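Visitor: I have not seen this structure before, and I would like to understand how its descriptions are reached.
Guide: Then let us look at it together and take the terms one by one.

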Amino acid sequence: MKLHALLVFALVVSPLAALAIGCGEYYRDPYGGEIAFESNRPAPSERVDAPDPYTGNNPHVLEAVERFRTGNDLHKKVIVRTCSPNGGVCHNQAEFPDLRTPANFLDTINKPCNVNPGEWTSVDDRCERPGDRFRISNLDHTEIEIGYIEYNAGVSPDYRNEEDDPTIDSVGLHIILRNPIETDRSEVFSAGRFIRTFTNDEGVLEDLPYASLNTRWWILDGGRHIFGEVRNNNMVDQVSDLMTVGIVQGDLNRNGIFGASQASPHSLIEPGDPESSYLIGRMRGTMNDAPVVGSRMPLANQPLTITEMLALFCFVEGLPLDGSWPDMNRPIDYADCSYSVAPEDLNLLGEGVTWAGRVQLIFEANCSGCHGGTAADEGLDLRSEGAYDRLFQPAVQNPDMQLIEPGEPMQSYLWLKLIDDDEITGLPMPFNPLTGEGRLTEAELGDIETWITNGAIRDE
Ligand code: HEC
């Protein structure tokens, strides 16, 4: 076996062998133990020459040249900051990769973006990968891509002795397939196999059946929904193990779109193409003009400034396209970077955090019940046409402050009410009459803070 195949094998298959879910019969870990992870890294980039110096006079570029000279500067001063101070957004958030070391950061290049989805609802179609495939061994059908898997934990009722057949909600293992299994049978006792395609060293595709589960399978919903009976506690363990294996599901967000083939999969970082890099899409809330699912990053931290965005964009644009490993000590090429012409366009504000695009919607959903119409609480109407203009007038509870002071969240009385600052009169907002308190989500607060910081503008 070639080295690369061996590593993939050791990583993916040997934990399975240990779990004894039926794969030992196919492959065995030749070392009989654990092999330390070593990613198959490409050779370092050949380019040792420094890029031409920037000769223009845009203040953002000049600041970036000064503060974020190299990839390492970018990592140390920008990327790591987005991971603090809240105990590490980058590694607490299951759906966000660990970016704390430069090597981890570089590891996001060309890597699929649904690394560790915390919630399936937060997965973007553009991050879905080709799913593993499933096959019931003694039925005559081809392997079918797995859409998603759901395990309703526990021991299934014994359907053999009962009147009822299992349903799509029964306790047990549910596998939803992309296409139906063609068969007349409604149940079969057999090995269900999980199969993945790997590319070996020579670029040849190899199919590995990496796990299997022997049980009674019920074929529901015309063959698209496969139910695996979990007969006893021993099988509960087997299925729990199977769930930790990391079966790749082609429709992870369960919306019927198989992203890898239908929405062109994106990487966390696409060399040469910041606009299509998911990591950047999550900061802007959009990618190639379509909204990105999930809350914006960095969550609850100060959003990136124009200069920081410029450094990130120029770094990504300048990454080697031949797959070689970039040199983090190499100066970022601002002179040739297409974003150096108009870095102002990278203002995160331009990406949807406007009154009309976002803030008004948050207020409508959370405030307008009390702050709408003529009888609005504290005379504050956040719903009507004139609501925006009202924001720049003095607060009733503190006439020394405007409700919103563009550029200055801490001088904006409305913001202080949202964060429950010590200076406020009355209760923090949004007031919830049932619990007596209330708070917007961190993501909503982050957007409102971004909006105020960037000038509280009205439209896109
Ligand atoms: C359940 C009703 C209710 C909801 C919902 C509510 N508020 Fe209020 N709000 C009040 C009341 C009552 C007051 C006056 C008493 C107080 O401040 O505790 C008030 C006062 C305020 C004030 C002070 C106004 C001034 O001029 O001094 C601001 C600002 C405010 N709310 C903003 C909001 C925002 C923003 C939201 C939504 C995120 C919200 N409120 C949701 C009832 C509500």
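**From strand pairs to a barrel**

Guide: In this predicted model, β2 and strand β3 (residues 172–177) pair in the antiparallel sense over 6 bridges. Within that pairing, Tyr 148 stands opposite Ile 176 in β3.

Visitor: What makes β2 and β3 count as a pair?
Guide: Two strands pair if at least two bridges are found between them, and β2 and β3 have 6 bridges, so the requirement for pairing is met.

Visitor: How do you know that β1 and β2 pair as well?
Guide: Strand β1 (residues 133–136) is joined to β2 over 2 bridges in the antiparallel sense, and because at least two are required, this also counts as pairing. Phe 134 stands opposite Ile 144 in β2.

Visitor: What do the other strands of this sheet pair with, and what figure do they form?
Guide: The strands make a closed barrel of 6, in the order β1-β2-β3-β6-β5-β4, with antiparallel pairing. Averaged over the sheet and with direction ignored, neighbouring strands are turned by 45 degrees against each other. Between β3 and strand β6 (residues 225–228) there are 4 antiparallel bridges, and here His 174 stands opposite Phe 227 in β6. Helix α7 (residues 233–244) packs on the sheet, where it touches β2, β3, β4 (187–199) and β5 (205–220), and its direction makes about 140 degrees with that of β5.

Visitor: How many bridges join β1 to β4, and how many join β4 to β5?
Guide: β1 and β4 run antiparallel and are joined by 4 bridges, with Ile 136 opposite Gly 192 in β4. β4 and β5, also antiparallel, are joined by 13 bridges, and Thr 197 has Asp 207 in β5 as its bridge partner. These two strands, β4 and β5, form a hairpin with 5 residues between them, and Gly 203 in the turn has a positive phi of about 75 degrees.

Visitor: Why is strand β2 called largely enclosed?
Guide: A residue is buried when its relative accessible area is under 20%. In strand β2 (residues 144–152), 7 of the 9 residues are buried, so the strand is largely enclosed by the rest of the structure.

**Helices that cross**

Visitor: Why is α4 called oblique to α10?
Guide: Helix α4 (residues 71–82) and helix α10 (residues 306–317) pack at an angle of about 130 degrees, and their axes are 10 Å apart. Because that angle lies outside the range of 65 to 115 degrees for roughly perpendicular and is not over 145, as roughly antiparallel would require, α4 is oblique to α10. The crossing is left-handed. On the side of α4 the contact is made by Gly 71, Leu 74, Val 78, Ile 79 and Arg 81, and on the side of α10 by Glu 308, Ala 311, Leu 312 and Phe 315. By class, this contact of α4 with α10 has 6 nonpolar, 1 polar and 2 charged residues.

Visitor: What makes α11 and α14 oblique to each other?
Guide: The axes of α11 and helix α14 (residues 442–453) come within 10 Å and cross at roughly 135 degrees, an angle that again fits neither the 65 to 115 range nor the range over 145, and α11 and α14 are therefore oblique to each other. α11 passes α14 in a left-handed crossing. In this contact, Trp 355, Arg 358, Val 359, Ile 362, Phe 363 and Asn 366 of α11 meet Ala 443, Glu 444, Asp 447, Ile 448 and Trp 451 of α14. The residues divide into 7 nonpolar, 1 polar and 3 charged.

**Two residues, two surroundings**

Visitor: Why is Arg 284 counted as buried?
Guide: Arg 284, which is found in helix α9 (residues 278–284), has a relative accessibility of 7%, and since buried means under 20%, Arg 284 counts as buried. Its C-alpha atom is separated by 9.2 Å from that of Leu 346, 62 residues apart along the chain.

Visitor: Why is Asp 377 called partly exposed?
Guide: Its relative accessible area is 41%, and because this falls between the limits of 20% and 50%, Asp 377 is partly exposed. Asp 377 is found in the loop between α11 (355–366) and α12 (387–390). Not counting residues up to four places away in sequence, Asp 377 touches Cys 370 and His 371.

Terms used. Residues numbered from 1 in each chain as written. Predicted model: local features only at pLDDT ≥ 70, side-chain atom pairs only at ≥ 80, totals over all residues. Heavy atoms only, no water. Axes fitted to C-alpha atoms, helices over the stretch in contact; angles between N-to-C directions. Parallel < 35°, antiparallel > 145°, perpendicular 65-115°, else oblique. Left-handed = near helix turned anticlockwise from the far one by under 90°. Contact = heavy atoms within 4.5 Å. Nonpolar A, V, L, I, M, F, W, Y, C, P; charged D, E, K, R; others polar. Buried < 20%, exposed > 50% of the residue type's maximum accessible area, 1.4 Å probe, protein only.
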